[in-house]
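Student: I should like to learn how overall fold and pockets are read from a set of coordinates. May we work through an example together?

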Amino acid sequence: MPVIIKENNVFVLETKNTHYVFGIDCLGYNRHIHWGKKCDTNDYCMQRIGDENSNHSMLDEYKQEYTVFGSTMFRECDLKVEFSDRCREIRLEYRGYEQDGDILKLNFADVYYPLEVTLNYQVFDNTDIIARWVTIKNTGSETIIAERLFSAEFSLPSVKPYTFTNTNGAWGAEFLETSNLLDGGNLIFESRRGGSSHNNSPYFIAHQNANEKSGAVYFASLAYSGNFKVAASRDLYGITRVSIGMNDFDFEYSLKGGESFDAPKVYCGLAEGFGDMSRQMNRFAVDHLLPKQFAHKPLPVLFNAWEAVDFRVNCENQTELAKIASDIGVELFVMDDGWFGNRKNDWAGLGDWYVNKEKFPNGLGELIKNVNDLGMDFGIWLEPEMVNADSDLFRAHPDWAYHYDTRKASELRHQLVLNMTKPEVQEYIFTVMDELLTENNIKYIKWDMNRPYSETGAENLENPKMLWYLHIKAVYDIVDKLKEKHPDVAFEACASGGGRADLGAMSHFDQVWTSDNTDAIDRMVIQKGYSRLRPIKAMRAWVTDPGWYKFSSLQFRFNIAMQGSLGIGGNLSKYSAEELEICKQNIALYKEIRDIVQFGDLYRLLDIDEDEVLMNQYVNSDKTKSVVFIAANGTRFFKKRIPLRFDGLDPDKRYTFKFFNDEIEKSGSYLMEVGIPAHIRGRDYNTIIVIEEKK
């Protein structure tokens with residue numbers, strides 16, 4: 001039974017290994033009881049807490065599932081609204097529960113005003129992941145304005161301080177991890193840019209001295225691609241609480257009479273070590289989050305032509321690149337920016353999604369046929385949410401961009417942000433993309449978004465502060481409609497790199513772009529941070545040319561990129577015969593192991609920063625095959641002799657593999673407990689080991 005309901009209004013959510021327990025006390029307050037290992041369910045009960053003194057009420061000490069603003073609750077709240085008479089306090093009373101299979105709903109209503117609040121929980125078979133979200137409903141006729149609307153609140157069990165892990169990155173440096181010990185006060189991770197993940201990430205990871213293999217790790221990730229806030233606090237009682245949801249910065253949501261609103265879902269869990277956490281979320285995302293059409297299908301090896309020709313695309317140079325790409329084993333050829341409108345650079349053309357006749361006099365059909373005849377699918381880049389001032393679209397509809405009449409619009413990358421809350425804008429974007437897909441044999445769309453929002457005037461909205469949510473909802477809705485009409489087309493979420501690599505995007509897009517920084521040495525760190533709470537399958541990783549990046553060999557670059565969903569982005573027309581052969585061999589190897597990488601369990605065995613060596617292992621579900629990637633970009637001093645200990649294998653199976661010139665056969669237990677010796681030295685060390693069960 002995933003949901004156990006006790007007679008004393010105690011609710012037990014039973015996952016594969018844990019219990020999540022909460023209830024309703026005699027005063028009608030929702031109360032958190034336990035999040036941890038399973039116990040005898042008959043022992044769960046509500047503790048009585050009274051007011052301490054005139055400055056500290058019982059509500060200060062309460063652990064709650066969801067805290068509303070008002071009364072003597074002075075700490076962080078999850079829900080704050082303004083009613084039609086300007087009252088801003090909420091006083092909820094419990095109205096009962098509903099259970100529908102693995103979903104539990106706890107219903108509350110304000111004692112005076114027409115506001116209903118439902119706490120939603122969903123448990124998933126054979127996992128330790130729980131989905132949480134809140135629903136609010138206006139049962140009256142007057143508008144209720146929500147000023148803060150978080151999705152969930154969590155109370156952690158220990159009174160000792162927790163360390164919180166998040167990211168503190170930037171464009172080209174996404175997912176760089178940071179850790180903060182919260183021993184008092186408040187800790188905030190947030191986005192105010194309209195996107196979710198260049199800087200902080202929409203999740204929390206809380207632990208007390210955990211590592212990859214051990215220690216309780218509490219985590220929760222918000223499935224939302226817009227402004228978010230994670231607010232953690234530790235009070236005088238030693239209680240650590242975390243609230244997570246849409247950011248209340250410049251936010252309101254007007255709930256009219258009869259309307260209801262579902263806050264974005266939060267997926268939470270408890271793991272034993274960071275590795276277990278990542279493996280749980282990777283499996284969960286593939287099975288329950290990624291769009292079903294492609295979730296369990298391996299992503300193809302793609303080639304993207306951007307770095308080869310940038311804006312100078314035409315049918316001839318794309319065809320020549322396609323011939324080379326096909327020869328080395330590429331399965332999906334992608335044409336990037338520059339194919340449309342008057343697009344010669346990034347100053348003009350965005351929004352004009354018609355084919356440039358100078359570059360493609362016969363339309364896209366000629367190039368697509370050439371690509372298809374070479375045995376590859378065809379994909380294309382668009383940036384639907386943006387517009388250049390120098391474009392036919394903007395000249396015809398200057399009011400379609402976010403703006404204030406009294407302010408000069410800021411142009412980042414020479415572009416403006418379209419007001420996606422306007423129905424006519426949504427219709428335009430859907431129509432041009434639908435026509436593009438209907439008239440051409442396109443199998444992949446790279447949906448980009450290259451700048452944050454500014455001058456966020458939306459004169460069409462009665463409440464302009466709703467735009468932050470409505471913009472993201474429009475993106476989701478358009479992608480969903482396109483996928484419904486064109487189910488064989490895969491979509492990638494790109495936002496100037498990894499600016500939209502969150503579980504919300506992955507609920508609608510089939511893959512995400514990790515970072516515009518494709519330098520293999522930097523990617524060792526970027527991809528580690530990505531892998532914490534995001535699925536490996538959805539992580540696009542390219543092999544590109546060194547350019548202004550740090551030097552690394554072509555083989556090294558393949559080593560790093562093959563640890564995600566492989567793509568090629570270098571200028572193949574300048575590759576030597578030897579370099580093309582390296583590409584061909586590695587792509588062939590990747591096709592042999594990609595099921596393990598994209599769907600297997602990841603074990604982070606050595607860390608490039610802590611150990612000077614990166615060692616990641618992927619193991620398939622029945623533990624019959626594994627692949628290990630080892631890379632080092634420069635070890636210090638003269639020697640780096642270390643035992644390579646593996647993980648995730650069956651201790652009772654025997655495995656064989658080749659390590660340089662040695663044929664090795666060992667038991668799984670030996671490989672995990674003793675390992676094999678390795679001498680790792682040099683600035684460009686890399687090797688890939690394929691381990692198989694001995695037949």
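Tutor: We shall take the whole chain, then its pockets, then a single residue. This is a predicted model, in which local features need pLDDT of at least 70 and side-chain atom pairs count only at pLDDT 80 or more, while totals for chains, interfaces and linings use all residues. Residues are numbered from 1 along each chain as its sequence is written, and side-chain values use heavy atoms, with hydrogens and water left out.

Student: How many helices and strands does the protein chain have?

Tutor: Helices (H or I, at least four residues) and strands (E, at least two) are DSSP runs, numbered from the N terminus. The protein chain has 15 helices and 38 strands.

Student: What does the radius of gyration say about the protein chain?

Tutor: The radius is taken over C-alpha atoms, and the globule rule is 2.2 Å times the number of residues to the power 0.38. For 695 residues a compact globule would have a value near 26 Å, and the protein chain agrees, with 26 Å. Along the principal axes, its C-alpha atoms fill a box of roughly 80 × 70 × 45 Å.

Student: Where is the empty space to be sought?

Tutor: Rolling a probe the size of a water molecule over the atoms shows where empty space is left. On a 1 Å grid over the protein atoms alone, a pocket is an open set of points where a 1.4 Å probe fits, with protein on both sides within 12 Å along at least five of seven lines; lining residues have an atom within 4 Å of a point. Grid points are joined across faces, edges and corners, and a volume is the space filled by probe spheres set on the points. Here the largest pocket holds about 690 Å³. Its lining has 31 residues, with Lys16, Asp128, Asp276, Gln280 and Arg283 closest to the centre.

Student: Which element gives the most to that lining?

Tutor: Helix H2 (273–289) is one of the elements that supply at least two residues each, and H2 gives the most, with eight.

Student: Which residues lie nearest the centre of the second largest pocket?

Tutor: They are Trp171, Trp306, Glu307, Trp513 and Asp516, from a lining of 24 residues. The volume of this second largest pocket is about 580 Å³.

Student: Is Thr635 buried or exposed?

Tutor: Buried means under 20% relative accessible area, exposed over 50%, partly exposed in between (1.4 Å probe, protein chains only). Thr635 is buried, at 14%. Thr635 belongs to the loop between strand E33 (625–632) and strand E34 (641–644).
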